[in-house]
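Student: Can we go through this one and check the labels against the numbers behind them? I'd like to see each call justified.

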Amino acid sequence: MIFYNNISYDKKMFQLFVLYLFFSCVSARRYPEEYYPGNYYNQEEARINAALEKLDTDDSPQYVPNWPNTTIKLGQVSGVAIDNSGHTLVFHRGSNTWDATTFSMRNIYQFIGDPPIPQPTILVFNETGELVDSWGQNLFYMPHGITADREGNVWVTDVALHQVFKFTPQSRTQPALVLGEKFVPRDDDYHFCKPSAVAVLASGDFFVADGYCNARVVKFARDGSKILQWGKRSSGRFGDSAFVLNVPHALALAEDRGELCVADRERGRVACFRADSGAFSGAFRSWLVGPKLYSVAYAPVDGGRLYIVNGPRLSAVPSRGYVIDYASGRLVDTFAAAGGFSSPHDVAVSPDGGSIYVAELDPHRVYKFADSRNGTKEPGVNVTHAKPTATVGK
């Protein structure tokens, strides 16, 4: 009998406990509305738009419509650069595209038997957007990065070939220097794995971002002999070390400061290092830029400015260009075409900061922006001010 009473007591206590849980769950639904995800995103949208309104003023870089010549057909635009004559170099993939079938799990290009891209992959435009030269046909398979040095040499990377090329002004058909082994991805002193970018010092020494697989920056002497390297893939041992790189995607030289800056794509930051030693100098990241940062360029104006583009929109933040004050690390400007960007991939800026160019993979576009505070405005060129907007999906 006593045993039965204990069971009844336990049963009643269990029922009371269930009722408590029920009412607790009901009351949990009565938290203020801002705890709901939908309202959270609305607040985030308001926060983003407020920040963009402060950055995007009438003095910000202005979009130049109909640049370049709209009759020019482009493939995926992977790179953009400015040469020593002020012309804009556009590196595109013609009829080839990089998709899920392009590489094997071991980073081997899957279409080695196919011929290289038959169209000219390097297009040269003047300031008004007219095509003045084109070359690079029958040379490349999957173009990526492009830069021009002070001597007029053009440097490019091809992620399918796993190679770096240097072309002189006298020869645009035969490279003067080739680094890496054709179609062979490795991690040693003589190979690359999907190298992404090149930056060249006034001395002729240069850096290669290597890149998608090897997560390193390699410095070479003018003749192509290796000087040093830094960078490592993320692991438990290295954690969040400043030298951990997760797709070093683009390079920018701040030569007046003796530093090389890396667009550390998947870490969403710009990481800067001493150009002479590879020692870490500092890094920039911002919630407004988001988790992916695709490219970086530098202009020695106003004490030094970094120009960046973030990646395809995967979070609440929109895809835009931003300007960073080098000394303070503050965001000081933003720019984008009407409606923003879809998949910005590279950015270039003139030394005087007056012209900014953004390459976009899809749609196949290259955009120009004019900064009236720097350089001189081109006669007869109209600019459009694109106000910032951020539409946050739920």
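Tutor: Sure, we'll take the overall picture, then the disulfides, then one sheet and a serine in it.

Tutor: Keep in mind that this is a predicted model. The protein has two helices and 24 strands.

Student: What share of the residues is buried?

Tutor: Buried residues make up 51% of the 394 residues. As for the surface, the protein exposes about 18,700 Å², and carbon and sulfur atoms supply 52% of that. Among contacts with a separation of 6 or more, 49% are between residues 24 or more positions apart.

Student: On to the cysteines. What makes Cys193 and Cys213 a disulfide?

Tutor: The cut-off is cysteine sulfur atoms within 2.5 Å. Cys193 and Cys213 have an S to S distance of 2.2 Å, so the pair passes. By this rule the count comes to two disulfides.

Student: Why is the disulfide of Cys193 and Cys213 called left-handed?

Tutor: The torsion about its S-S bond is about -60 degrees, so the disulfide is left-handed. Cys193 lies in the loop between strand S9 (177-179) and strand S10 (195-200), while Cys213 lies in the loop between strand S11 (206-210) and strand S12 (216-220), so the pair ties together parts that are 20 residues apart in sequence.

Student: How do you know whether Cys213 is buried or exposed?

Tutor: Buried means under 20% relative accessible area. Cys213 has 14% relative accessibility, so Cys213 counts as buried. Cys193, with a relative accessible area of 4%, is buried as well.

Student: And what makes Cys261 and Cys272 a disulfide?

Tutor: Their sulfur atoms are 2.1 Å apart, and the limit is 2.5 Å, so this pair qualifies. With 100 degrees about the S-S bond, the link of Cys261 and Cys272 is right-handed. Cys261 is in strand S15 (residues 259-264) and Cys272 in strand S16 (residues 269-274), eleven residues apart. Cys261 has 0% relative accessibility and counts as buried; Cys272, with a relative accessible area of 7%, is buried too.

Student: What pattern do the disulfides follow?

Tutor: Counting bonded cysteines along the chain, the pattern is 1-2, 3-4.

Student: Now the sheet. Why are S18 and S21 said to stand at the edges?

Tutor: The open sheet has four strands in the order S18-S19-S20-S21, with antiparallel pairing. Strand S18 (293-299) and strand S21 (331-335) each have a single partner strand, so one side of each is left without a neighbour in the sheet. On average, neighbouring strands of this sheet are turned by 25 degrees against each other, direction ignored.

Student: How do you know that S19 and S20 pair?

Tutor: Pairing takes at least two bridges. Strand S19 (residues 305-310) and strand S20 (residues 321-325) have five bridges in the antiparallel sense, so they pair. One of the bridges puts Arg305 opposite Asp325 in S20.

Student: What makes the link from Ser295 to Asp346 a polar contact?

Tutor: The distance limit is 3.5 Å between N or O atoms. The side chains of Ser295 and Asp346 make their polar contact at 2.6 Å, so the distance test is met. The backbone nitrogen of Val347 also lies 3.2 Å from a polar atom of the Ser295 side chain.

Student: Is Ser295 buried or exposed?

Tutor: Ser295 is in strand S18 and is buried, with a relative accessible area of 0%. Leaving aside neighbours within four places in sequence, the contacts of Ser295 include Ala250, Ala263, Tyr307 and His345.

Technical notes:
Residues numbered from 1 in each chain as written. Predicted model: local features only at pLDDT ≥ 70, side-chain atom pairs only at ≥ 80, totals over all residues. Heavy atoms only, no water. Buried < 20%, exposed > 50% of the residue type's maximum accessible area, 1.4 Å probe, protein only. Contact = heavy atoms within 4.5 Å. Areas by Shrake-Rupley, 256 points an atom, 1.4 Å probe, with all protein chains shown as cover. Axes fitted to C-alpha atoms, helices over the stretch in contact; angles between N-to-C directions. Polar contact = N/O pair within 3.5 Å; in protein donor to acceptor, adjacent residues only side chain to side chain.
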